[in-house]
Amino acid sequence: MDEVIQVTQWLSSITPTKKAKLFFFTTHADAPSPMVGSNDVDTHEETQLPLATTVALHNFKNIDEFLKKKVNTFSCYNVIENEITKTDYEYLRFYSACKYLDVVPPFLDLEKISAIQNKFEMTDEERDYRLLLDSADLVLEKVCDSLKPAGVSQMWTALRKDRNLIRGVKTIDIIGFFVDPNPTGIKDCLFFFIVRFLQKADKINRVNTNRLERLIAQCDESSSCEEGKTIDFIIDSLRFYPTELYPFGFCLIMCVIEGRDGAMQEIEKTMEISRHLGMITHTEKNPTKETIELVKKELMKPKYQFYSSFTCWFMSHGDSHSMVLADGETIEREWFLTSFPDISTFQLKPKVFSMVSCRGANKFSLKGDEFEGQSATCDYYDIGSALIRNRMLDITDSVRDISYVQPMMDTLVPYSTILDHLSGRANTHGSIYVDRACVLMSENISRGRSLTEILEHLSQDLHEILQETMDEDRIVYKQACHYDSFFRKTLKLPYTRHPKEDVHSAPQ
């Protein structure tokens with residue numbers, strides 16, 4: 001069958017709403033670095049024109065032409081270059097959007113997709129189409145779905161009143177001041193036009209969404225929201241870091257094993273909870289300075305731009321300022337924490353660095369005969385059962401206490417202990433902090449909890465546990481964990497429990 005006929009039939013099978021969403025997902029606002037400065041990058045007006053004319057004329061002619069052009073470009077594209085190109089990004093984005101919307105063209109060359117994934121050096125796990133979707137766009141899609149046409153129309157009216165914002169933008173005038181967003185798909189086109197307009201005007205991005213939130217806040221609650229939704233609900237959805245669908249993010253686990261009893265248990269627990277959260281995980285045992293530099297270089301590769309978050313567990317011995325590496329060398333903790341966030345592939349995305357090591361030798365010691373012989377440092381207890389708990393410590397009430405409170409308590413780099421203090425370990429299970437953190441995260445998946453809520457719960461839980469030093473003095477003490485947060489949004493744990501529950505991978 002002639003390709004023109006195939007494309008025409010494919011377009012006729014797509015609903016107007018899905019066409020609007022497909023256009024939105026394939027005009028990605030945050031262009032990847034290889035596209036910057038390219039001569040064929042769409043300008044503000046060119047990107048906005050199909051949406052503007054669709055809203056103004058109530059037909060999808062220009063969006064259809066845009067999608068036809070995409071298909072023709074990919075049909076003629078020859079994947080032979082070693083350098084990653086703009087078309088490579090566009091092809092992957094287009095495929096993932098089609099897959100997500102269930103409108104994959106039957107004539108799309110899937111072998112080319114595999115060839116492009118090879119250029120990105122993607123592993124089998126990374127070839128899942130959901131990795132290629134932009135999580136920020138998925139959140140905005142859900143916001144759009146939560147609004148009625150009247151709500152989007154009210155947003156448009158509020159936007160048009162900001163003369164400083166719209167001055168000189170021709171596509172604003174194409175739509176006009178008053179619009180009818182009721183025909184199927186027009187509401188979506190108008191909403192996506194507003195979003196892309198604000199993004200290209202540098203008024204919003206995946207983290208800074210205040211301008212969009214203010215537009216939504218001006219909507220009339222009684223007429224603007226779909227059933228079961230409220231303005232507050234819609235705005236709240238924008239105040240979380242976008243980490244929709246699988247994978248939740250990339251997790252790097254670095255653990256020094258030498259001289260650390262239970263270190264392998266730490267690795268197993270953090271790997272298990274990371275996969276349970278839907279993260280793609282990489283482990284480095286016994287890291288050295290060279291290892292750290294190689295990992296940083298690896299994370300600069302283009303494929304990591306598709307990830308929506310970054311998590312790092314670093315587990316080793318340490319003191320107030322440094323962490324001990326496998327070869328006995330030390331690195332400054334501050335250097336480690338400031339060097340990784342500079343990686344461009346994870347800019348404007350949440351980054352969590354769990355630092356599990358001693359930060360000194362001080363102890364919040366407890367006095368009194370009632371504490372003698374009581375601690376969770378030794379493995380005296382049976383192991384629990386369900387899910388992640390089946391390999392964790394069973395912390396019984398006999399080794400918990402809430403009467404003695406570390407002065408630093410109650411006052412986002414999570415630290416297993418406070419400055420100048422010990423970080424406790426169990427003989428075979430390794431870090432007690434890691435153990436409790438993994439238990440609490442596993443118990444809170446699908447409950448809508450934020451990571452900081454869980455860290456606060458962890459702080460309470462850990463501070464109840466009585467621990468005991470392994471030296472001849474056998475001092476019973478308490479451990480106080482804390483975190484430094486520089487978050488601008490809230491990071492929620494994902495609702496998806498495990499990637500194997502619903503995996504649709506691109507062809508290998």
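**Helix α8**

I began with α8 in this predicted model, where 10 of the 12 residues are buried, so the helix is largely enclosed by the rest of the structure. The buried residues that I listed for α8 are S135, A136, D137, L138, V139, L140, E141, V143, C144 and S146. I then checked the length of the helix: at 1.5 Å a residue the 12 residues of α8 should span 16 Å, and I found the end C-alpha atoms 17 Å apart, which agrees.

Since D137 is among the buried residues of α8, I looked up the partner of its side chain, and found a salt bridge with R196 in which the closest N and O atoms are 3.2 Å apart. This pair links distant parts of the chain, with R196 in helix α12 and D137 in helix α8 (residues 135-146), 59 residues apart. I noted that R196 and D137 are both buried.

**Helix α19**

Next I turned to α19, and asked how many of its 13 residues are buried. The count is 12 of 13, and I therefore describe α19 as mostly covered, taking buried to mean under 20% relative accessible area. The buried set consists of I432, Y433, V434, D435, R436, A437, C438, V439, L440, M441, S442 and N444. For the span I used 1.5 Å a residue again, by which the 13 residues of helix α19 (residues 432-444) should cover 18 Å; the end C-alpha atoms are 19 Å apart, which agrees.

Within this helix I looked at two charged side chains, R436 and D435, which form a salt bridge with the closest N and O atoms 2.8 Å apart. Both R436 and D435 are buried. Salt bridges that share partners join K269, D435, R436 and D461 into one network.

**Salt bridges and the chain as a whole**

I recorded a total of 21 salt bridges. Another that I examined joins the side chains of K19 and D64, at 3.0 Å from N to O. K19 lies in helix α2 (residues 16-26) and D64 in helix α4, so this pair ties together parts that are 45 residues apart in sequence. K19 and D64 are both buried.

For the overall picture I noted 20 helices and 13 strands in the chain. Of its 508 residues, 54% count as buried. The accessible surface comes to about 22400 Å², and carbon and sulfur atoms account for 48% of that area.

**Contacts across the sequence**

I asked where Y89 lies, and found it in helix α5 (residues 86-101). Y89 counts as buried because its relative accessibility is 3%. Although Y89 and T26 are 63 residues apart along the chain, I read a C-alpha separation of 9.8 Å between them.

R449 is placed in the loop between α19 and α20 (451-464), and it counts as partly exposed because its relative accessibility is 34%. From R449 to K492 the C-alpha distance is 5.7 Å, while the two are 43 residues apart in sequence.

**Positive phi values**

I then looked for unusual backbone angles, bearing in mind that most residues other than glycine have a negative phi. H58 has a phi near 60 degrees, a positive value in a residue other than glycine. I located H58 in the loop between α3 (44-57) and α4 (61-76). Is H58 buried or exposed? With a relative accessible area of 36%, H58 is partly exposed, because that value falls between the 20% and 50% cut-offs.

D202 also has a positive phi, of about 60 degrees, although it is not a glycine. Its place is the loop between α12 (186-200) and α13 (210-217). D202 counts as exposed because its relative accessibility is 69%, which is over 50%.

**A negative patch**

Last, I looked at charge on the surface, and asked which residues form the negative surface patch. I found D220, E221, D232 and D236 there. D220 lies in the loop between α13 and α14 (221-224). At 38% relative accessibility, D220 counts as partly exposed.

Definitions and conventions. Residues numbered from 1 in each chain as written. Predicted model: local features only at pLDDT ≥ 70, side-chain atom pairs only at ≥ 80, totals over all residues. Heavy atoms only, no water. Helix = DSSP H or I, 4+ residues; strand = E, 2+ residues; numbered from the N terminus. Buried < 20%, exposed > 50% of the residue type's maximum accessible area, 1.4 Å probe, protein only. Patch = residues over 30% accessible without salt bridge, like charges linked within 9 Å, V, L, I, M, F, W, Y side chains within 5 Å. Areas by Shrake-Rupley, 256 points an atom, 1.4 Å probe, with all protein chains shown as cover. Salt bridge = Lys/Arg side-chain N within 4 Å of Asp/Glu carboxyl O. Lys, Arg positive; Asp, Glu negative; His and termini not counted. Charge placed at Lys NZ, Arg CZ, Asp CG, Glu CD. Expected span 1.5 Å × (residues − 1).
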